[in-house]
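Okay, thanks for coming, everyone. Let me put the structure up on the screen and we'll walk through it together.

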Amino acid sequence: METVLGIDPGLRYTGWAVVSTAAGKNTPQALAYGVIKTNADDMLNTRLATIYDDLCAVIERYQPTSCALEGVFFGLNAKTALSLGQARGAAILATSKQGLVLGEYPPATIKLCIVGSGQAEKEQVTYMVRQLLGLDHDPKPDHCADALAVALTHLAHGSQHDSVSL
């Protein structure tokens with residue numbers, strides 16, 4: 001059985017999802033997903049500690065065998081890119097301290113894998129995540145659907161993509 005933790009990093013909201021495939025089966029199953037919310041009024045170090053601590057708790061609870069992270073979208077402004085980079089750092093540290101090898105996938109690769117088009121809209125990704133996992137509802141908020149899509153992409157790519165590129 002392979003169990004993947006997918007992460008959609010963000011300083012305000014970090015989406016996470018745990019997806020697994022049973023031995024001998026190709027059908028993935030969502031075990032759990034959620035969002036780590038940080039308070040915009042808190043100090044940066046407090047917000048990053050929240051992301052780190054909550055991801056460590058998810059890893060400890062679900063014991064994933066691998067982990068994947070959504071890469072940076074380069075159309076961001078400098079301030080947004082910096083805060084995203086800080087959240088990514090907390091996520092990378094959490095997975096590293098827990099002994100997980102981390103894969104990274106650019107947003108276009110995730111969309112291509114899940115929808116069939118690297119230019120897919122968020123609604124299309126959410127719809128396909130729901131179909132691929134047999135969910136009876138849309139995973140909300142969007143950060144959950146994105147994290148599920150990251151995990152599914154990692155499962156589809158197997159062990160070919162097992163290290164983070166910074």
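I'll start with the whole protein, then go to one helix, and finish with three single residues.

First, a reminder: what you're looking at is a predicted model. Overall, we have five helices and five strands. If you trace along from the N terminus, the order goes β-β-β-α-β-α-β-α-α-α.

How does the radius of gyration sit against what you'd expect for a compact globule? With 166 residues the rule gives a value near 15 Å, and the protein comes in at 15 Å, so the two agree. The C-alpha trace spans about 45 × 35 × 30 Å along the principal axes. Of the 166 residues, 42% are buried. As for the outside, about 8600 Å² is exposed, and carbon and sulfur atoms supply 52% of that.

Now contacts. Take the ones with a sequence separation of 6 or more: 64% of those are between residues 24 or more positions apart.

Okay, helix 1, please. That's residues 44-62. Nineteen residues at 1.5 Å each should span 27 Å, and the end C-alpha atoms are 27 Å apart, so the length agrees with expectation.

Which of its residues are buried? Those are R47, I51, L55, C56, V58 and I59. If you look down the helix axis, those buried residues fall within an arc of 165 degrees, so they line one face of the helix. Yes, there's an arginine in that buried set, R47.

And what do the buried residues pack against? They pack against strand 1 (2-8), strand 2 (13-21), strand 3 (28-37) and also helix 2 (78-97). Spin the model around to the face turned away from the buried side, and there you find the exposed residues N45, E60 and R61. Right after helix 1 comes Q63, which has a positive phi, near 50 degrees.

Now the single residues, beginning with helix 5, residues 142-157. H154 is found in that helix. Is H154 buried or exposed? Its relative accessible area is 4%, so it counts as buried. Its side chain makes a polar contact of 3.3 Å with the side chain of S66.

Staying in helix 5, have a look at D146. D146 is buried too, with a relative accessible area of 11%. Leaving aside residues up to four places away in sequence, D146 touches D8 and K122. There's also a long-range pairing in sequence terms: D146 and P9 are 137 residues apart along the chain, while their C-alpha atoms are separated by 9.7 Å.

Last one: A108, over in helix 3, residues 107-115. This alanine is partly exposed, at 39% relative accessible area. Its C-alpha is 9.4 Å from that of G71, and those two residues are 37 apart along the chain.

To recap, then: helix 1 puts its buried residues along one face, H154 is buried and in polar contact with S66, and D146 is buried, touching D8 and K122. And again, all of this comes from a predicted model. Okay, that's me done; over to you for questions.

Note on methods:
Residues are numbered from 1 along each chain as its sequence is written. This is a predicted model: local features need pLDDT of at least 70, side-chain atom pairs count only at pLDDT 80 or more; totals for chains, interfaces and linings use all residues. Side-chain values use heavy atoms; hydrogens and water are left out. Helices (H or I, at least four residues) and strands (E, at least two) are DSSP runs, numbered from the N terminus. The expected span of a helix is 1.5 Å times one less than its number of residues. Buried means under 20% relative accessible area, exposed over 50%, partly exposed in between (1.4 Å probe, protein chains only). The arc is that of the directions from the helix axis to the C-beta atoms. Contact means heavy atoms within 4.5 Å. The radius of gyration is taken over C-alpha atoms; the globule rule is 2.2 Å times the number of residues to the power 0.38. Accessible areas come from the Shrake-Rupley method with a 1.4 Å probe; for residues, only the protein chains shown count as cover. A polar contact is a pair of N or O atoms within 3.5 Å; within protein, one must be able to donate a hydrogen and the other to accept it, and residues adjacent in sequence count only if both atoms are side-chain atoms.
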